[in-house]
Amino acid sequence: MSAASCLLYEDQFRCSICLDVFTDPVSTPCGHNFCKTCITQHWDENDQCKCPLCTEIFYSRPRLRINTFIREMVAQFKHEAQHGMKTEDEIQQMIQKRRLKIEEVKESVKMSKVAADREKAEGVQVFTALKESVERGLDQLIKEIEDKQKATEKQAEGFIKDLEQEVSELMKRSSEVKHLSHSEDHLHLLQSFSSLKAAPPTKDWTEVSVRPPSYEGTVVRAVTQLEETLSKDMKKLLEAELKRVQQYAVDVTLDPDTAHPHLILSDDKKQVHDSDVWKNLPDNPERFSRCVNVLGKQSFSSGRFYFQVQVEGKSDWDLGVARESISRKGSIKASPLSGYWTLSFMYGNEYTANVEPPVRLSLRSRLEKVGVFVDYEEGLVSFHDVDTAALIYSFTGCSFNDKLYPFFCPELNDGGKNSAPLIICPI
């Protein structure tokens, strides 16, 4: 109902005496309508009974009856007016909510820009430091090569200087001998011959040579030194990144209703291992029936979360997150296509990211504590070596579309060889 039609409608149901919406409307013989109380009081206060609108005089007071049609119309009008007010309130609330949402979005963009600027500044700082390290390494390499070349040139200059000196002495002696050989003064020749008989002092240059400096391994050593420097910088960067994701740590406990009947859970629901013994438990829909798996009690459908698990002492295990809608009965092949984002350790020496096909991972050291970080909106699941702060593997571009649960598989006990538990540990 528009505002104009609402006003027109309201005027049609307004008493001309009290100027308010009719209460118990009655009609006079002339066809005009008034509140019963209003017209009765009006006639009581005047000598004549006449219509306040058209002034028609009634010589005897008319018998007034409630106009049920108008009364129903007035009731409907009041109802619609109240409904209209309610709708207006709702619209105002909707407007207010949307204005608040606009401010929320603006604030999110502002915070996102602050985060982006901070990330860019950190990136510039890190890469500037790396660039400076590379430039220093290159400068040192060039200086080492040039120093070797200068030493070679200096040695060669010394040799050349000595050789030129000897050449000069020899040429002088040769000139003297030649001059004497043309002399006709035989007595002077005999006297001079004894002094010219001995050759001028010279060096044996047979074994003397200028060997070019060896640059074997020079570049390799420089790159190795650079690698060590970069490794230290990289370790600091990884430690900072691990601390950043650890701020999203959540308290995770194991859900016994999902645990395979072989599994033993600790009283605090923080540890799980396989017992090789089947327990008689209800086969509820949530429980894994064939694979020795168990889910966390807590679910996540937005935001970021992190938890870490001790895997020390185990020869086999699987760890990660799983979608709520996964199949829990029968054989299971863990992969993102089936709702699992997991890391596996098998045969005591093989780490695998469970994608299609599986990716074999090469790690420098054996994992003892694994951190799992999830950014739901970003579609990211990353695994971290807590002890070295190294990033092990990341699933990116994931589409979750469902609740996510922490996922644990301690694998079979293997006659006690794999009896150590998976332990959810604090930061």
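Me: How are helices and strands picked out here, and how many of each are in the chain?

Reply: Helices (H or I, at least four residues) and strands (E, at least two) are DSSP runs, numbered from the N terminus. In this chain that gives five helices and 17 strands. Keep in mind that this is a predicted model, where local features need pLDDT of at least 70, side-chain atom pairs count only at pLDDT 80 or more, and totals for chains, interfaces and linings use all residues. Residues are numbered from 1 along each chain as its sequence is written, and side-chain values use heavy atoms, with hydrogens and water left out.

Me: What does the radius of gyration say about the chain?

Reply: That radius is taken over C-alpha atoms, and the globule rule is 2.2 Å times the number of residues to the power 0.38. A compact globule of 427 residues would come out near 22 Å, yet this chain has 50 Å. The C-alpha trace spans about 190 × 75 × 30 Å along its principal axes.

Me: What share of the residues is buried?

Reply: Buried means under 20% relative accessible area (1.4 Å probe, protein chains only). Here, 32% of the 427 residues qualify.

Me: Which residues touch the most other members of the largest nonpolar core?

Reply: A nonpolar core is a set of buried Ala, Val, Leu, Ile, Met, Phe, Trp, Tyr and Cys residues joined through side-chain atoms within 4.5 Å. The largest has 47 residues, and Trp-317, Val-381 and Phe-408 touch the most other members. Strand E16 (residues 404-409) gives the most to this core, five residues. Another core, of 17 residues, lies apart from it and includes Phe-22, Val-26, Phe-34 and Val-74.

Notes:
Buried means under 20% relative accessible area, exposed over 50%, partly exposed in between (1.4 Å probe, protein chains only).
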